[in-house]
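Work through the exercises below on the charged side chains of one protein model, trying each task before reading its solution.

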Amino acid sequence: MIATTEAITQHLDAGNGLLYRYRIEDSPDGLPCRQGAFLLCSFWLVDNLTAQRRIDEAMELFESLCGRASPLGLFSEEIDPVSGAFLGNFPQALSHIGAISAGFNLACAIAP
């Protein structure tokens with residue numbers, strides 16, 4: 001799991017803890033829009049860091065991702081890694097499920 005997490009973060013890194021779902025240059029999808037960082041993938045990264053007991057890294061990433069929510073606490077499907085603009089579907093249930101799951105797993109890992 002550690003090697004896979006490292007490979008994913010290296011290959012799919014969008015910057016600032018964000019991850020792409022896939023690389024357009026490696027797997028062209030034919031869609032007319034540009035791709036943003038896929039928030040669910042970044043929340044999955046929090047889950048993986050938590051499972052690896054890298055709690056400080058997981059917490060820092062989780063807080064950073066939660067800080068990207070709209071003023072109403074909603075997440076989009078994707079985020080432009082440069083501008084922070086929401087892309088794709090908004091609000092996006094998958095992003096929220098990822099946030100809840102990552103937050104729960106992180107809380108369980110740090111609970112006494």
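The exercises that follow deal with salt bridges and with the accessibility of the residues that form them.

This is a predicted model, in which local features need pLDDT of at least 70 and side-chain atom pairs count only at pLDDT 80 or more, while totals for chains, interfaces and linings use all residues. Residues are numbered from 1 along each chain as its sequence is written, and side-chain values use heavy atoms, with hydrogens and water left out.

**Exercise 1.** Find how many salt bridges there are, taking a salt bridge as a side-chain nitrogen of Lys or Arg within 4 Å of a carboxyl oxygen of Asp or Glu.

*Solution.* Applying this rule gives a count of three salt bridges.

**Exercise 2.** Which network do salt bridges that share partners form?

*Solution.* Begin with Arg-54 and Glu-6, whose closest N and O atoms are 3.2 Å apart in a salt bridge. Arg-54 lies in the loop between α2 (39-51) and α3 (55-66) and Glu-6 in helix α1 (residues 2-12), so this pair ties together parts that are 48 residues apart in sequence. Next, Glu-57 forms a salt bridge with Arg-54, with 2.9 Å between the closest N and O atoms. Through shared partners, Glu-6, Arg-54 and Glu-57 are thus joined into one network.

**Exercise 3.** Describe the salt bridge between Glu-78 and Arg-21, and decide whether Glu-78 is buried or exposed.

*Solution.* The two side chains meet at 2.9 Å, N to O. Buried means under 20% relative accessible area, exposed over 50%, and partly exposed in between (1.4 Å probe, protein chains only). Glu-78, at 8%, is therefore buried, whereas Arg-21, at 34%, is partly exposed.

Technical notes. Helices (H or I, at least four residues) and strands (E, at least two) are DSSP runs, numbered from the N terminus.
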